[in-house]
Amino acid sequence: MSVHISQHPLIRHKLGLLRRRDTPPWLFRQLIRELTLLLLYEATADLTLWTERIETPLEVAEVSTLAQRVGLAPILRAGLGMVEAALELFPTADVRHLGIYRDHATLLPVEYYSRLQGIPRADVYLILDPMLATGQSAVAAVDLLTRWGVQHIKFVGLIGAPEGIRRLRESHPAVEIYLAAEDRQLNAAGYILPGLGDAGDRQFRT
Ligand code: URA
């Protein structure tokens, strides 16, 4: 299964609050944070572990430690709210912001910022973008990370349109997709219906 749509009641409840037109930006950002924490719990359930022996105050114990290094690749600017939350769970993560915007006329992705120098410092990179709409930005982000040398990539978002999910799956079948919901369709302007509007504008009161 490469597409995971969460069925968690808490995620569905919070997504309902996020979608409301009258949810103010401060609450919108808080809900993005909470939803990201919950989604990452599901998206990282297959991370591998190794065991080590440590000393508790009372005796020696075998404990588990993450064997894989997690990297974060938020797509600017809507992914910013998600990366803040992700860093709470992975405080030492390598973060690579990807500046990709959608040209409003052509709906095609335009890359304007990335700093992918050196070699990747993580074993798995999580692309963070709340909205998987046309899928073009997501595909461009995977292309960028792949060209840089990343081998294991997951996409974590909040809402996906069938068109975007299909495009990402067809272009990059190995990328697992984690979402809180799959919505009905895109409108002519490339917005997800019913969706929640512009995730960047709603976070930053633009
Ligand atoms: N980006 C958004 O912020 N919202 C959409 O509905 C689609 C793309």
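Colleague: In which loop is Gln117 placed?

Modeller: This is a predicted model, in which local features need pLDDT of at least 70 and side-chain atom pairs count only at pLDDT 80 or more, while totals for chains, interfaces and linings use all residues. Residues are numbered from 1 along each chain as its sequence is written, and side-chain values use heavy atoms, with hydrogens and water left out. Helices (H or I, at least four residues) and strands (E, at least two) are DSSP runs numbered from the N terminus. In these terms, Gln117 belongs to the loop between β7 (109–114) and β8.

Colleague: What is the relative accessible area of Gln117?

Modeller: A residue is buried under 20% relative accessible area, exposed over 50% and partly exposed in between, with a 1.4 Å probe and protein chains only. Gln117 is partly exposed because its relative accessible area is 42%.

Colleague: Which residue joins the side chain of Gln117 in a polar contact of 2.9 Å?

Modeller: Contact means heavy atoms within 4.5 Å, and, residues up to four places away in sequence not being counted, Gln117 touches Arg96 and Trp148. The C-alpha atoms of Gln117 and Trp148 are separated by 7.9 Å, although the two are 31 residues apart along the chain. A polar contact is a pair of N or O atoms within 3.5 Å; within protein, one must be able to donate a hydrogen and the other to accept it, and residues adjacent in sequence count only if both atoms are side-chain atoms. The side chain that joins Gln117 in such a contact, at 2.9 Å, is that of Arg96.

Colleague: Which residue has a backbone N or O atom 2.7 Å from a nitrogen atom of the ligand?

Modeller: The residues around the ligand, each with a heavy atom within 4 Å of it, include Arg102, Met131, Tyr191 and Asp198. A backbone N or O atom of Ile192 lies 2.8 Å from a ligand oxygen atom, and a polar backbone atom of Ala199 is 2.7 Å from an oxygen atom of the ligand. The residue whose backbone N or O atom lies 2.7 Å from a ligand nitrogen atom is Gly197.

Colleague: How much of the area that the ligand exposes alone does the protein bury?

Modeller: Accessible areas come from the Shrake-Rupley method with a 1.4 Å probe; for residues, only the protein chains shown count as cover. Taken alone, the ligand exposes 240 Å², and the part of this that the protein buries is 90%.

Colleague: Is Lys14 buried or exposed?

Modeller: Lys14 is located in helix α1 (residues 9–19). Residues up to four places away in sequence aside, Lys14 touches Leu31, Glu34, Leu35 and Leu38. With a relative accessible area of 16%, Lys14 is buried.

Colleague: What is the relative accessibility of His172?

Modeller: His172 lies in the loop between α5 (162–171) and β12 (176–179). Apart from neighbours within four places in sequence, His172 is in contact with Val139, Val142 and Asp143. His172 counts as buried because its relative accessibility is 15%.

Colleague: Which residue does a cis peptide bond join to Leu193?

Modeller: One cis peptide bond runs from Leu76 to Arg77, with omega near 0 degrees, and Arg77 is found in the loop between β4 and α3. The partner of Leu193 lies in the loop between β15 (192–193) and α6. With omega about 0 degrees, the residue joined to Leu193 is Pro194.
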